[in-house]
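This briefing looks at selected local features of one protein chain, arranged by topic. Please read it alongside the sequence and the coordinates shown below.

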Amino acid sequence: MERNGIVALVSCGTDDLYNNPFVQSFSDRCAELGLHVLWFQSLSNKYDGDAYDAGEMNIFNLINFDIIDAIVLMSVTLVDKGTVMGDLIKKAGSHNIPVISMDVEVDSAYSISQGYEEALEEVVRHVITEHGAKHIKFLGAMKGNDVSDARENVFRSVMAEYGLEVTDDSIDYGYFWWAGAAEAVQRHYDKFHSMPEAFVCANDSMAIGVCSKLNELGYLVPDDVIVTGMDGIPEGNTHFPSITTLKRNITETGKVAAQRIFQIINGEIPPVGSETVDGTILYRESCGKTFDGGQQA
């Protein structure tokens, strides 16, 4: 196949905290490598199957597989993943075009992760071993969400590792949003009139919602209840208390994705594989213990 130096980048949603820095760093590095980027962006944040969603999803039908050399899927952003990812990967395969999948493992692609699951393992272990918490509640997004399910599985695994029971009441869902998380806290309070020792949240927005609702109910974070998040959004740093979280290295991840595409196209590395671009776990005020130098843990 004649090379055109063209890479298709596929994403959904309007998450400026993830989409924008990734696309910018990816595009800048591609330009340095002599690659051209065609960005196909659906504005859908969720898939309800209505006419709006159908129209937004149609943008992916504009990808001309006869002229591109590779496709990068910002898989963690994609709505209706089963259909969108499946169709794009199948089309790429039929044209012998390599695929890079971001933050979702795909057997037939080169997968790049930001280490969410590994970081969450460390955070849950920290809450158990450093703070002695045994009654911990996990807040995910919703059942069936790939990202949320993966993080819930990590929580269950670490709890089992320490012989701690996970019941139906140990898990609830907040739709990756502060308001949904606040509602989950209220549900727990209405049922038990008490709180767990810690809330482990699948993202920072929910952690912020948990903190706000706990404060409203008269609980102090972290004195009464420990709270942790994930993703490292700026609001988690400015919130009081600041949120223990994983700071993603999005800019570096974009550069790595561009470099791997270049290497795959030029036959320098295999088109199937996986790697992790580590972020940094930030132990902050929401889990409460302060070490020398002011580091929060």
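How are α4 and α5 oriented to each other? In this predicted model, the axes of α4 and α5 cross at roughly 40 degrees, an angle that is neither under 35 degrees nor within the 65 to 115 range, and the two helices are therefore oblique to each other.

**The α4 and α5 pair**

- The axes of the two helices, α4 and α5, come within 9 Å, and the crossing in which α4 passes α5 is right-handed.
- On the α4 side, the residues that meet α5 are Tyr116, Glu117, Leu120, Glu121, Val124, Arg125 and Ile128, while the α5 side contributes Ala150, Arg151, Val154, Phe155, Val158, Met159 and Glu161.

**The largest nonpolar core**

- The largest nonpolar core comprises 45 residues, and those with the most contacts inside it are Ile136, Leu139, Phe199, Cys201, Val210, Leu214 and Val227.
- Two or more residues of this core come from each of the helices α4 (116–129), α5 (146–161), α6 (178–192) and α7 (204–216), and likewise from each of the strands β6 (136–140), β7 (171–173), β8 (198–201) and β9 (226–228).
- Among these elements, α4 gives the most to the core, with 7 residues.
- Cys201, leaving aside neighbours within four places in sequence, is in contact with Leu139, Met206, Ala207, Val210, Val227, Thr228, Gly229 and Met230.
- In soluble globular proteins, nonpolar side chains tend to be buried together.

**Lys213 in helix α7**

- Lys213 is found in helix α7 and has a relative accessible area of 12%, which is under 20%, so Lys213 counts as buried.
- The side chain of Lys213 is joined to the side chain of Glu216 by a polar contact of 3.0 Å.
- Apart from neighbours within four places in sequence, Lys213 is in contact with Ala182, Val185 and Gln186.

**Gln41 in strand β2**

- Gln41 belongs to strand β2, which spans residues 36–42, and with a relative accessible area of 17% Gln41 is buried.
- When residues up to four places away in sequence are not counted, Gln41 touches Ser11, Cys12, Gly13, Asn19, Glu56 and Ile59.
- Two of these neighbours also appear in polar pairings: the side chain of Ser11 makes a polar contact of 2.2 Å with the side chain of Gln41, and the backbone oxygen of Gly13 lies 2.4 Å from a polar atom of the Gln41 side chain.
- The C-alpha atoms of Gln41 and Ile264 are separated by 24 Å, and the two residues are 223 residues apart along the chain.

Definitions and conventions
Residues are numbered from 1 along each chain as its sequence is written. This is a predicted model: local features need pLDDT of at least 70, side-chain atom pairs count only at pLDDT 80 or more; totals for chains, interfaces and linings use all residues. Side-chain values use heavy atoms; hydrogens and water are left out. Helices (H or I, at least four residues) and strands (E, at least two) are DSSP runs, numbered from the N terminus. Buried means under 20% relative accessible area, exposed over 50%, partly exposed in between (1.4 Å probe, protein chains only). Contact means heavy atoms within 4.5 Å. A polar contact is a pair of N or O atoms within 3.5 Å; within protein, one must be able to donate a hydrogen and the other to accept it, and residues adjacent in sequence count only if both atoms are side-chain atoms. A nonpolar core is a set of buried Ala, Val, Leu, Ile, Met, Phe, Trp, Tyr and Cys residues joined through side-chain atoms within 4.5 Å. Axes are lines fitted to C-alpha atoms, for helices over the stretch in contact, and angles run from 0 to 180 degrees between N-to-C directions. Angles under 35 degrees count as roughly parallel, over 145 as roughly antiparallel, 65 to 115 as roughly perpendicular and the rest as oblique. A crossing is left-handed if the near helix is turned anticlockwise from the far one by less than a right angle, and right-handed if clockwise.
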